[in-house]
Each structure stands twice: as C-alpha cells, then as structure tokens.
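Work through the exercises below with the coordinates open. Try each task before reading its solution.

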Amino acid sequence: MQGDLDLSLSQLGTDARAALQRCGYRCRQDFEGVSIADVCEDTGLPERVIAGFLRGLRGLAAGTTQAQTQGAATPPADPFAARGAVTFCQAFDAMMGGGIRRGRLTEIVGESGTGKTQLAMQLAVDVTIPTSFGGLDGSAVLIDTEGGVTLPRLRALAEALVQHIAYHAQSSPLTADEVLSRVHVVRVYDHHQLCAAVAALPHLLNAVKGGTGCKLVAVDSVAAPFRSWDCGADDPAAGVARQRTLANLGKRLSEASQRHGVAVVATNQTTHRLAADATSAFVHKATLGNLWSHEVTDSVLLTRDVTGTRSAPVATRTATIQKSPDLPQASCAFRIAPQGFRGA
C-alpha cells in the first residue's frame, strides 16, 4: 500500500522506534487525525522528537499522499532551519542540511582521537564568520570538561579563518583577536560544575556580546564528568540519580537551543557492542544511556581508520549520521589539518 511506511526505515533511534510500534504507530496512516501531543502522551517521547519525525514523514509523503483529516498532526516550521553553524568541510555541512542547525541538540560521538574536540573548536570559531560570507556573525560558548580546548589551537583556527576570508575577498573584516574575543570558554571539572554551567546558560547567553549574539553552545565532552561518578552494583540509587541528572542536563541543553535559537553541540564517547546479527563484528554505540539519547535531536558518529605501514600510517576519518528525525543516513570523509576541520 502506498500510504504504508515501515518505521524501521525511519531515522529514529531504536528505542523511540520501538516505543512508537508498541503504541500501534507502524505506518503513515496511523498518524492521520492525531496531534503531536497525542503521540507524545501515548509513547512518552519528547515533543521535539515527534515533531521532527512527523516533519520528515510528511516530506516522504509529499507528492504521493495528503492528510485525510484536517486535524492531522502538522509540526510547526523550523524557524532556525535557514542557516546553521558551518565548518570548512562542505561535504559535512551538506550532509547536515547546511551545517549544525540551530534549535537542536546535536551529539558528536566518537572514540578518543577521532576529531570531536577539533570539530567543537572549529564550530566555535566559524560561528563568527560574517553573514555575507555564509556565516552567522555570532559568538560561541564552549564548555570544556576535559582540558582539550587550548588557546594555541583556537588561535591557529582563528588565523586560518581570517586567512581563508582574506584569500577569497582580498581582505578580512575580522582579525584573529576579534574572532577569539567572541569564543567564551568555560572550564569545568566535574558533573556538579557542568550542571551549574548549563543551568546558568540562559543568563550567559543573554550576556554574551559580539556580532549578532551567541549562536553556538558546545560541550566537550558530556561523558567525561560522569565517568568519576561511582555507581557501584551495591548502590542502585546512585545509578538512578546519575541517569536523572543526565536526562535533566540534556533537557536543559535542548531547551536552550530552542528558546535562544542557538546550535547546541555535545560530544560523547563510545562503547563497543556486539552486532545485532550475533556476528563477531562490533559496532560503535554512544555512552550515557537512553534517557540522554532521547533528548538528542541529531547524532553523528566520527570514526578513524588507520591503514598503511607503521612508519607511514594513513588515517581515514568518516562522519556518519546515526540518528536524525529528518536527515537521511549518510556519511562523508573529512580530515584534521593544521588549519582545522576540513574536507578529505
């Protein structure tokens, strides 16, 4: 039947897809005549997840079917979709629908050394690009939990940005110092300080000046402060408290992205799980659990494969969309150059 849509084809996460199927939402027709609030109440999923999914569902149905009922769920248009936070990797920006989009919580997942911190710093610097050059002409808040954000690297990225603009426009309206003045780094050392920094974001975002105001918040990384939270098997209450804290952290970040129109990026680490088909292959899976992942809109996995010889290794880096309500699954190659995050 043309109106049918197997939800296994959607870009929802496994848990969200299972929740929809348990409640009887298995094809496109099941969403006719119901509101977003109805679906949220039935499934317990966040409103933005359902709204984003239905927006993508409507896109799949365009030109083939129309809603049969006037009350069919119609998510509001995304007011931040016009322009996102870009990198200097065109393939990555195109894959993400025009850069990291504002009004969303985007998770960057990967093992150590895959380029998560480099991408976070690149986004923080690039958000200062003037609108006449395709940027947001804004400022950034960069919350550093691991000490990986360094001034020398930020300055190198800022200088490369200024040189890039000057090369294409004969001169640059920005200097490296002006770019750095718009990147506000907040160093935290444990989950208490991270939660306090995120709770203070509404006040911080209103206070941040530079260009058109804050357009990006990046947390590098979310997982690091929670590694030291001891949740032994003999203390299940600690595990519950940890998960609730993570869920509240994700909710606050998601709310900040929507209320302030900023792109929010959170880096996360991975674990290895046996493949679902019971083969010997292992797959990458984000840490922090389901309560955190439910708050994430888009999730991107970064991987790094090394080939060649020991004396002449060749690193191949790939970014892959793992989860999104409206972006198709896709991959692109990238590299980490002295100038920053670039196309392969």
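## Exercise 1: Strand 5 and its neighbours

The bridge partner of V219 in strand 5 is A266. Keep in mind that this is a predicted model.

**Task.** Find which strands pair with strand 5 in the parallel sense, starting from strand 4 and strand 1. Then decide how strand 5 is covered.

**Solution.**

1. Start with strand 4. Strand 4 and strand 5 run parallel and are joined by 4 bridges.
2. Move to strand 1, residues 105–110. Strand 1 pairs with strand 5 in the parallel sense over 5 bridges. In this pairing, I108 stands opposite T267.
3. Check burial along strand 5, residues 263–268. Of its 6 residues, 6 are buried.
4. Split the strand by face. A263, V265 and T267 lie on one side, and V264, A266 and N268 on the other; all are buried. Both faces of strand 5 are therefore covered, with buried meaning under 20% relative accessible area.

## Exercise 2: The whole sheet

**Task.** Write down the strand order of the open sheet. Which strands stand at its edges?

**Solution.**

1. The sheet has 9 strands in the order 3-2-4-5-1-8-9-10-11, and its pairing is mixed.
2. Strand 3 (183–187) and strand 11 (340–343) stand at the edges. Each has a single partner strand, so one side of each lacks a neighbour in the sheet.
3. Take the twist next. Neighbouring strands of this sheet are turned by 25° against each other on average, direction ignored.
4. Look for an antiparallel pair. Strand 8 (298–308) and strand 9 (313–323) pair in that sense over 10 bridges. R304 stands opposite R317 in strand 9.
5. Add the helices. Helix 6 packs on the sheet and touches strand 3, strand 10 (331–337) and strand 11. The direction of helix 6 makes about 45° with that of strand 11.
6. Helix 8 (191–199) also packs on the sheet, touching strand 2, strand 3 and strand 4. Its direction makes about 160° with that of strand 2.

## Exercise 3: Two helices with a buried side

**Task.** Which residues of helix 8 are buried, and why do they line one face? Repeat the burial analysis for helix 2.

**Solution.**

1. In helix 8, the buried residues are H191, L194, A197 and V198.
2. View the helix down its axis. These residues fall within an arc of 120°, so they line one face of helix 8.
3. Recall the geometry. An α-helix has 3.6 residues a turn, so residues three or four places apart point the same way.
4. Identify the cover. It includes strand 2, strand 3, strand 4, helix 9 (201–207), helix 10 (224–227) and helix 11 (236–260).
5. Inspect the start of helix 8. D190 caps the N-terminal end, with a side-chain oxygen 3.1 Å from the backbone nitrogen of H192.
6. Now helix 2, residues 36–43. I36, V39, C40 and T43 are buried. Their arc around the axis is only 100°, which puts them on the same side of helix 2.
7. On the other side of helix 2, A37 and E41 are exposed.
8. Step past the end of the helix. G44 comes just after helix 2 and takes a positive phi of about 80°.

## Exercise 4: Two loop residues

**Task.** Is T145 buried or exposed? What does its side chain contact? Then treat R182: which residue does its side chain join by a polar contact?

**Solution.**

1. Locate T145. It lies in the loop between strand 2 (139–144) and helix 6 (151–169).
2. Apply the cut-off. T145 has 9% relative accessibility, so T145 counts as buried.
3. Find the polar partner. A polar atom of the T145 side chain lies 2.7 Å from the backbone oxygen of S221.
4. List the surroundings. Residues touched by T145 include R187, V188, L194, V219, D220 and P225.
5. Turn to R182, found in the loop between helix 7 (176–181) and strand 3. At 13% relative accessibility, R182 counts as buried.
6. Its side chain makes a polar contact of 3.0 Å with the side chain of D137.

Conventions:
Residues are numbered from 1 along each chain as its sequence is written. This is a predicted model: local features need pLDDT of at least 70, side-chain atom pairs count only at pLDDT 80 or more; totals for chains, interfaces and linings use all residues. Side-chain values use heavy atoms; hydrogens and water are left out. Helices (H or I, at least four residues) and strands (E, at least two) are DSSP runs, numbered from the N terminus. Buried means under 20% relative accessible area, exposed over 50%, partly exposed in between (1.4 Å probe, protein chains only). A polar contact is a pair of N or O atoms within 3.5 Å; within protein, one must be able to donate a hydrogen and the other to accept it, and residues adjacent in sequence count only if both atoms are side-chain atoms. Contact means heavy atoms within 4.5 Å. The arc is that of the directions from the helix axis to the C-beta atoms. Two strands pair if DSSP finds at least two bridges between them. Axes are lines fitted to C-alpha atoms, for helices over the stretch in contact, and angles run from 0 to 180 degrees between N-to-C directions.
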